[in-house]
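Here are my notes on the model, point by point. Have the sequence and the coordinates open while you read.

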Amino acid sequence: MDFGKEGTMQKIRLWEITADNGLAEMAINQIALEERLEDWLESDISVLDPNLLVIGRQVRTYYGGEIDLLCLDSAGDTVVVELKKGRTPREVTAQTLDYASWVKDLSRDELLAIANPYLKSKYLPPLEEAFSGKFETPLPDVLNDNHRSLVVAEETDGSTERIVRYLSDFSVPINVVTVRHFRDKEDRKILARVYLIEPEVAEAKAQSRSKRTTRNTLAELEAMADENGIGEMFRLMREGVRDILIARPYLQRVWYGVRLPNGGQRLLLIVYSVSYQDKPGMSFTVHASRFKEHLKVSMDQLKEWLPENTQEDDVTGWSGSDSEERKNAQGLAGSFEKVEEVETFLTELKKHTAQASPRPENI
């Protein structure tokens, strides 16, 4: 399938490889697609991208519209899939951007509230299990760190393509997928799709804006910590909270949290593997409100357990926070400059949680 610069689709020609290893051109006739495409995509989203898991259909937004399909990718980022459905390509593109403006602020709990009822209606397991089964990796602690949108249509026009390419050049994560359905004279059905912007190119443009980097492994983070002279403290923290908090490496840090009854996870503590000039040592950020809720540790207790350089910090923007939590969120931040300071924190935390539940599953 090929397209001209202004979006005019060139004639598609298909050949069958015959039994004698020859080629025979297939006569094809286009047939209606839109009324069936959403069902097909819901049942097999790999038609668009094998790296997607559908978590909702006709998801109603606060603004009254309904997203055709809402998905997560293997990084835990949201993907809006919107079909043309009789609208002009420009109209559906504008609608998709409106939906994306809503989706980008969805918290982890809000995504779970969307996904789990939907998955249950399809006789599928809850999101955490469905995600790990699909991608062979645990559901990330933080969901919806980034988002993107796909507009699906049988055809586009030059104006729409110019708009989407323009947005992409400014790193707005939106793309157009053209899907065509054909049937040959022997009633064999063929589905073909093509991206306006190759996914690898679109992702590279988005990353150039957000400066998002590859997730590091724990071993890579330990190596970073060693290079920064904080390797001993970094490993001590990792081993010390093993029976209390679950851990997930991410970028230049490790997220520590607790597992929730619904299978989700709640981030409580961030520890960095790099040192900063204004914060020598091993930097950290604590969501004190969540420590109080999940481990029954008060703000005053945390202040006593943490280094003297600890100060109050804004944690209202942490993923997974609903509006009520944001109103009352309290955070602390500082840095461990000595091994003894890490040991003090761990000793007090272990004493406090001596009667805690069995050892959590680490990531």
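How many bridges join strand β11 to strand β12, and do they run parallel or antiparallel? Point 3 has the reply.

1. Ground rules. This is a predicted model, where local features need pLDDT of at least 70 and side-chain atom pairs count only at pLDDT 80 or more, while totals for chains, interfaces and linings use all residues. Residues are numbered from 1 along each chain as its sequence is written, and side-chain values use heavy atoms, with hydrogens and water left out.

2. Overall make-up. The protein has 12 helices and 15 strands; these are DSSP runs numbered from the N terminus (helices H or I, at least four residues; strands E, at least two). Of its 363 residues, 48% are buried, where buried means under 20% relative accessible area, exposed means over 50%, and partly exposed is in between (1.4 Å probe, protein chains only). Among contacts with a separation of 6 or more, 63% are between residues 24 or more positions apart; a contact means heavy atoms within 4.5 Å.

3. The β11–β12 pair. Seven bridges join β11 (residues 253–259) to β12 (residues 265–272), and the two strands run antiparallel. Strands count as paired if DSSP finds at least two bridges between them. Trp-255 has Ile-270 as its bridge partner in β12. Five of the seven residues of β11 are buried, so to speak of it as mostly covered is fair.

4. The sheet around that pair. Six strands make up an open, antiparallel sheet, in the order β10-β11-β12-β13-β15-β14. The edges are β10 (246–250) and β14, each with a single partner strand, so each has one side without a neighbour in the sheet. On average, neighbouring strands are turned by 30 degrees against each other, direction ignored (axes are lines fitted to C-alpha atoms, for helices over the stretch in contact, and angles run from 0 to 180 degrees between N-to-C directions).

5. The β10 edge. Is β10 enclosed or open to the outside? Five of its five residues are buried, so β10 is largely enclosed by the rest of the structure. Ile-246, Arg-248 and Tyr-250 are buried on one side, and Ala-247 and Pro-249 are buried on the other. Five bridges tie β10 to β11 in antiparallel fashion. Arg-248 has Trp-255 as its bridge partner in β11, and Tyr-250 stands opposite Arg-253. The hairpin of these two strands has two residues between them, and Leu-251 takes a positive phi near 50 degrees there.

6. Helix α7. Leu-221, Met-224 and Ala-225 are buried in α7 (residues 218–227). They sit on the same side of the helix because they cover an arc of only 100 degrees around the axis, the arc being that of the directions from the helix axis to the C-beta atoms. As a reminder, an α-helix has 3.6 residues a turn, so residues three or four places apart point the same way. Ala-219 and Glu-227, on the other side of α7, are exposed. The cover over the buried residues includes α8 (231–240), β10 and β11. Just after the helix, Gly-229 takes a positive phi of about 75 degrees.

7. The cores. A nonpolar core here is a set of buried Ala, Val, Leu, Ile, Met, Phe, Trp, Tyr and Cys residues joined through side-chain atoms within 4.5 Å. The largest one has 39 residues, and Ile-45, Leu-48 and Val-152 are among those with the most contacts inside it. Helix α3 (residues 108–121) gives the largest share, six residues. Another core, of 36 residues, lies apart from it and includes Val-254, Leu-268, Leu-269 and Leu-302. Back in the largest core, the contacts of Val-152 beyond four places in sequence include Leu-48, Val-81 and Val-177.

8. Thr-310. Where is Thr-310 found? Its place is the loop between α10 (299–305) and β14 (311–313). Thr-310 counts as buried because its relative accessibility is 17%. A polar atom of its side chain lies 2.8 Å from the backbone oxygen of Pro-307. Leaving aside neighbours within four places in sequence, Thr-310 is in contact with Phe-284, Leu-332, Ala-333 and Gly-334.

9. Leu-167. This residue belongs to helix α5 (residues 158–169). Leu-167 is buried, at 16% relative accessible area, and touches Leu-97, Val-172 and Ile-174, not counting residues up to four places away in sequence.

Note on methods. Polar contact = N/O pair within 3.5 Å; in protein donor to acceptor, adjacent residues only side chain to side chain.
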